[in-house]
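The following note is offered to a colleague beginning the study of protein structures. Please read each numbered point with the model in view.

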Amino acid sequence: MLALRRWSVRHAAFQARAYRALVSLLKVLQPVFRAIGYERAEKPVAWVESNVKGLFFDCHMCGYCLLSVNGMACPMNCPKSVRNGPCGGVRADGGCEAKPEMPCVWVEGWRGMQRMPAAEFPRLPNAPANARHAGTSSWLRLARGGHTPPPISGAPATATESRLERLLGDGEFVVTAEFSPPDSADPAEVEAQLRHFRDHVDAINVTDGSGANCHMSSLGVSALLVQAGCEPVMQISCRDRNRIAIQGDILGAAALGIRNLLCLTGDGTVVGDHADAKPVFDLDSLSLLQAARVMRDEGRFLSGRKLTQAPRLFLGGADNPFAPPFDMRPLRLARKVAAGAQFIQTQYCFDLERLEAYMARVRDEGLDERCHILVGVGPIASAKTARWLRTKVPGVHIPDAVVARLEGADDARAEGRRICVEMIQAIRGIRGVAGVHIMAPRQDEAIPDLVRDSGVRSGRRADFAPVRAVEREELP
Ligand code: SF4
């Protein structure tokens with residue numbers, strides 16, 4: 001099946017011509033379908049469609065076909081059901097994060113698109129899969145004209161009370177850092193860990209089951225951070241919750257005083273300590289961003305039901321300029337911005353050349369004007385850790401020169417921190433970069449020194465403005 005799928009991508013130009021012919025045929029057949037009745041035609045047409053597309057594309061009959069906009073590679077074969085991919089975990093050889101034996105469907109799709117004359121990567125997000133359409137015919141939906149992407153919210157972004165948003169808006173070079181929640185129910189452990197962050201960074205990202213491992217929830221820790229007078233960025237992933245639970249958590253977060261939300265697809269369950277858990281992935285990061293944006297700016301749920309108080313949240317997403325397909329990454333970023341991303345935090349950067357190339361494309365697209373880009377950095381403790389990271393954590397790219405430098409150092413841990421400081425200083429000089437995001441798991445104690453030695457926050461007031469309660473207001 002995989003061989004036929006790959007054949008279809010290799011012959012994407014032919015498949016695209018066949019698809020266009022099919023669309024014309026469906027338009028001609030409209031009166032016939034109307035005469036028969038679309039409901040009566042559904043079963044036989046779906047049967048034919050499922051067999052033809054199943055054979056060539058391993059089609060999952062999601063009911064809203066994306067083949068023609070993804071180089072004839074079906075995104076539903078993605079183990080994380082990413083419909084606006086690729087995720088940040090694509091391996092260096094283009095292999096899938098969750099199933100290394102399979103090429104990433106988005107890398108395949110990108111190759112297919114290069115073979116399709118006049119194919120353009122869509123700048124607007126695809127709709128999330130609709131569970132009610134599963135198993136139904138996309139062809140018939142196309143014939144009926146019900147196969148158009150959902151409109152993007154045109155409402156202006158609502159102002160929030162995020163201190164991070166204010167700093168970025170003022171043109172400050174900001175520093176955020178990642179906080180790994182403890183395996184504990186004791187808030188004192190959160191408080192103790194905070195000493196490495198408080199007063200040293202502008203906002204604190206609270207991870208949401210990162211690496212698909214279970215810890216105290218990001219909502220719980222973010223609320224504790226608000227109580228402690230700090231500015232959390234609550235990470236929220238699509239892996240463990242469907243759209244009902246996620247929207248509820250967004251409202252809960254806003255009610256608890258959380259003002260920043262980082263929308264992620266999440267790591268696949270297979271990489272974590274609960275590999276037997278059922279992955280949800282009802283939404284992907286882009287549709288999650290869209291959902292949060294609709295809630296904030298239009299004051300309604302995805303279902304259309306109105307909220308009595310909209311959540312005021314500064315919305316962010318993640319990107320990985322260091323994972324293939326490199327040319328596609330800035331285009332996907334454009335999609336994220338269209339979905340509602342106001343800031344972006346990237347995967348670890350150890351390769352300035354690649355970052356420069358990415359930022360040049362980002363600037364060409366004008367994206368640095370429309371969202372704030374924070375580049376991921378971190379200290380590596382040893383050459384062994386570097387090798388482990390680049391082989392075991394899909395999407396992490398560490399050049400040989402960095403590994404060699406760690407290997408040749410007398411004190412590898414100190415060298416890793418020096419590399420990180422140099423990286424922060426160099427990144428600060430790249431046009432369009434708005435800040436850095438420090439990820440130092442198991443080295444939290446290094447954060448104050450990294451920030452101080454890099455000098456990027458010198459002169460900044462070391463305070464966290466207390467979060468005020470949102471005043472209740474009437475929605476239109
Ligand atoms: S690498 Fe990510 S986006 Fe690509 S197929 Fe695998 S899980 Fe899906």
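1. Angles between helix axes under 35 degrees count as roughly parallel, those over 145 as roughly antiparallel, those from 65 to 115 as roughly perpendicular, and the rest as oblique. This wording is needed for the pair of helices discussed next. Please note that the model is predicted.

2. Two packed helices are described by the angle between their axes and the distance between the axes. For helix 17, residues 412-428, and helix 18, residues 447-454, the axes cross at roughly 45° and come within 9 Å. Helix 17 and helix 18 are therefore oblique to each other. Their crossing is right-handed.

3. Which residues bring helix 17 and helix 18 together? On the side of helix 17, R417, C420, V421, I424 and Q425 take part, and they meet D449, L450, D453 and S454 of helix 18. Sorted by class, this contact comprises four nonpolar, two polar and three charged residues.

4. The ligand is surrounded by 15 residues, and the closest are C78, G85, C87, C96 and C104. In the shell around the ligand, eleven residues are nonpolar, two are polar and two are charged.

5. Is A18 buried or exposed? This residue belongs to helix 2, which covers residues 12-28. A residue counts as exposed if 12 or fewer other C-beta atoms lie within 10 Å of its own. A18 has 12 C-beta neighbours inside 10 Å, and therefore counts as exposed.

6. A18 may also be compared in position with V105. The two residues stand 87 residues apart in sequence, and their C-alpha atoms are 21 Å apart in space.

Conventions: Residues numbered from 1 in each chain as written. Predicted model: local features only at pLDDT ≥ 70, side-chain atom pairs only at ≥ 80, totals over all residues. Helix = DSSP H or I, 4+ residues; strand = E, 2+ residues; numbered from the N terminus. Buried ≥ 20, exposed ≤ 12 C-beta atoms within 10 Å, placed from the backbone. Axes fitted to C-alpha atoms, helices over the stretch in contact; angles between N-to-C directions. Left-handed = near helix turned anticlockwise from the far one by under 90°. Contact = placed C-beta atoms within 7 Å. Nonpolar A, V, L, I, M, F, W, Y, C, P; charged D, E, K, R; others polar. Near = placed C-beta within 6 Å.
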